[in-house]
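Q: I have a protein model open on my screen and would like to learn how to read its features. Could you walk me through a few of them?

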Amino acid sequence: MKLQPVRGTRDIIAEEARLFREIENRFMEIAKIYDFSEIETPIFEFTSVFKRTLGDASDIVNKEMYTFEDRSGDSLTLRPEGTASVARAVISNSLLRDLPLKLFYSGPMFRHERPQKGRYRQFRQFGVELIGVENPLADIEVIAFAWDFFKSFNLLSKVVLEINTIGDVESRENYKKSLVDYFSRHKEKLSPESQERLTHNPLRILDSKDESDKEIILKAPPFSDHLNSESQMIFKNVLEGLSELGIQYHINPRLVRGLDYYSHTVFEFTTQHLGAQNAVLSGGRYNHLIEQMGGPSTPGVGWAAGTDRLSLLLEKPSPLGTSVAVLATDPGGEKEMLKTLQHLRALKIPSQPIYSGNISKQLKKADKRNCSHAVLIGSDEVVQKIYQLKDLKTGAQKSLSLETLLSELKGLAGV
C-alpha cells in the first residue's frame, strides 16, 4: 500500500510553508507591538479541560474531538481549540496573581470534521487572549489587533468584521426560552441537526447552514429584544470605541457562539472569497471560563484565526531573496568552496553549494535555484588566491581577491 497522509491532514511544503511562516511571523510582529507575550501549551490535555469548558452539548465535544485513553488509563484529547488550553495554563501556573494577562499563541489544532477546502482535521491556528479586564476597552483592543493584522496584508477589502452581543447570563437564558418557544412551533420543518440542538443548544440553530432552516431563522425573535440594560450599554461602548478608531463593522444579529463560556461581545472576520468556509477569524468575550475551570471569577476576551484559510486569501508568499552559488570546477577547488561558503554565511549572505555536474550543468542548476551570481573555484584559483564571480543574469565574469569578492557580494545582498 502506498503511504499517504491521514484523511484531513496534509503536508505543507515549500512556497506554502513559507506563506504559513510569513502569516505567523506577521502575527507575532503585531503581537509585540500590542505588548502581548507568547504562551505555548501541550497539543493534548486531559479531556476534562475541554468537556468542562466547551460544554457537553457542543458539536466539538459530541462529534469532533480526538479523544483517546493513554497507558495509564487517563482520557486525553488533542486540543480542538486554544482558549481552553490557555485558560488551564493560566490557572496551573498561578498567573492570575499578575493581571491583566496579554497572551498570544500559535500551533496545530485537531477536529474530526468533514474535510473540504480551507477545513482540515489537523489545522493551524493563532490567537490572542486578554485576561483580567472587564472594561469593553479590552474588546476594542483585541479587535483593533485583528484589524491591524488584516491591514498589514492589504486584506481589508476582502474581509468584513461582523459583530454581535449575546449578553450576560440573564439575557441569554431569557433569549434561549424565546428561541425554544419559537423553533418548537416549527420543529417538523427544522433539519435533524437543528431539532437536536433545540433541546441542548438552541442558540446554535441561528448558525445553521441548512437552507430550510435559514427561512425559519429569518423570522426568529431578535436577541436585541432580550438584552438587559447593562448588556446593551456594554455593546454600545464597544461599537463606539470601534468607530472612534475608524474600524468598520457590520452588526450581525444572528452571529452567536456554540461554546458555553462566551458572553457579551462576539465577532468574526468573514470573507466571500472562500466559499462555504467564510470565517477566517473568530472571537469574543468569555467572562465565565476561568471560573468554570475552577479558578476565581475572571473576565477575558480573545480571538483565533486559521492559518490554512488565511493562506487561501493571499496569492503568493514574498519571493525568496536571491542566493549566491559556489561551484568547485574541479576536485582541487572543493575544500576552498566549503571555506568560501562559510565566509559568505558568516556575513549573512544567502549562499549554497552546487554539488555535482560539469561547469555548464552546475551553472544551469544555480540559475534554476534563482541564484543571482556564482563563485567558481578550481585548482588554479586556489593557487592564485583569486575567485571567479559570474553574474548569472548578464553572463559577465571577473576575477577578484577574496576580500574584494566578499565586499562586492555583501553589497549585492544588502547586508
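A: Gladly! Let us start with helix 6 (residues 169-184), which holds both Lys176 and Glu173, three residues apart, or about one turn of the helix. Keep in mind that this is a predicted model.

Q: What do Lys176 and Glu173 form with each other?
A: The general idea is that side chains of opposite charge can pair when their charged atoms come close. Here Lys176 and Glu173 make a salt bridge, and their closest N and O atoms are 3.7 Å apart. A salt bridge needs the nitrogen within 4 Å of the carboxyl oxygen, so this pair qualifies.

Q: Are Lys176 and Glu173 buried, partly exposed or exposed?
A: Buried means under 20% relative accessible area and exposed means over 50%, with partly exposed in between. Lys176 has a relative accessible area of 23%, so Lys176 is partly exposed. Glu173 is partly exposed as well, at 36%.

Q: How many salt bridges does a search of the whole structure find?
A: The search finds 15 salt bridges. Another one to look at joins the side chains of Lys398 and Glu408, at 2.6 Å from N to O. This pair links distant parts of the chain: Lys398 is in strand 16 (residues 397-400) and Glu408 in helix 15 (residues 402-413), 10 residues apart. Lys398 is partly exposed, with a relative accessible area of 39%, and Glu408 is partly exposed at 26%.

Q: Which residues are joined into one network by salt bridges that share partners?
A: Arg10, Glu16 and Asp308 are joined in this way. Within the network, Arg10 bridges to Glu16, with 2.7 Å between the closest N and O atoms. Arg10 has 25% relative accessibility, so Arg10 counts as partly exposed. Glu16, at 26%, also counts as partly exposed.

Q: Where does the charged end of Arg10 sit?
A: Look for the ring of Tyr120: the charged end of Arg10 sits over that ring, 4.2 Å from its centre. You can find a similar arrangement at Arg26, which lies over the face of Phe153 at 4.0 Å from the ring centre.

Q: Now for the rings themselves. How many aromatic pairs are there?
A: The count comes to 15 aromatic pairs. To read one, check the distance between ring centres and then the angle between the planes; an angle over 60 degrees counts as edge-to-face. Take Phe27 and Trp303: their ring centres are 6.0 Å apart and their planes meet at 65°, so the pair is edge-to-face.

Q: Where do Phe27 and Trp303 lie?
A: Phe27 is in helix 1 (residues 14-33) and Trp303 is in strand 11 (residues 300-306), so their pair ties together parts that are 276 residues apart in sequence. Phe27 and Trp303 are both buried.

Q: How do Phe44 and Phe68 pair?
A: Their aromatic pair is edge-to-face, with 6.5 Å from centre to centre and 65° between the planes. This pair, too, links distant parts of the chain: Phe44 belongs to strand 2 (residues 44-46) and Phe68 to strand 3 (residues 67-69), 24 residues apart. Phe44 is partly exposed, with a relative accessible area of 42%, and Phe68 is partly exposed at 36%.

Q: Which residues form one aromatic cluster?
A: Among its members are Phe27, Tyr34, Phe104, Phe153 and Trp303. You have already met Phe153 as the ring under Arg26.

Q: What about the backbone? What should I look for there?
A: Most residues other than glycine have a negative phi, and most peptide bonds are trans. With that in mind, look at the bond joining Leu99 and Pro100, which is cis, with omega about 0°. Pro100 lies in the loop between helix 4 (83-92) and strand 5 (101-110).

Q: Where are Asn370 and Lys385 placed?
A: Asn370 is in the loop between helix 13 (359-368) and strand 14 (371-377). The phi of Asn370 is positive, near 65°, and Asn370 counts as partly exposed at 36% relative accessibility. Lys385 is in the loop between helix 14 (379-384) and strand 15 (387-391). The phi of Lys385 is also positive, near 55°, and at 63% relative accessibility Lys385 counts as exposed.

Conventions. Residues are numbered from 1 along each chain as its sequence is written. This is a predicted model: local features need pLDDT of at least 70, side-chain atom pairs count only at pLDDT 80 or more; totals for chains, interfaces and linings use all residues. Side-chain values use heavy atoms; hydrogens and water are left out. Rings of Phe, Tyr and Trp (its six-membered ring) pair if their centres lie within 6.5 Å; planes under 30 degrees apart count as stacked, over 60 as edge-to-face and the rest as tilted. Helices (H or I, at least four residues) and strands (E, at least two) are DSSP runs, numbered from the N terminus. Buried means under 20% relative accessible area, exposed over 50%, partly exposed in between (1.4 Å probe, protein chains only). A charge sits over a ring if NZ of Lys or CZ of Arg is within 6 Å of the ring centre and within 35 degrees of the ring normal.
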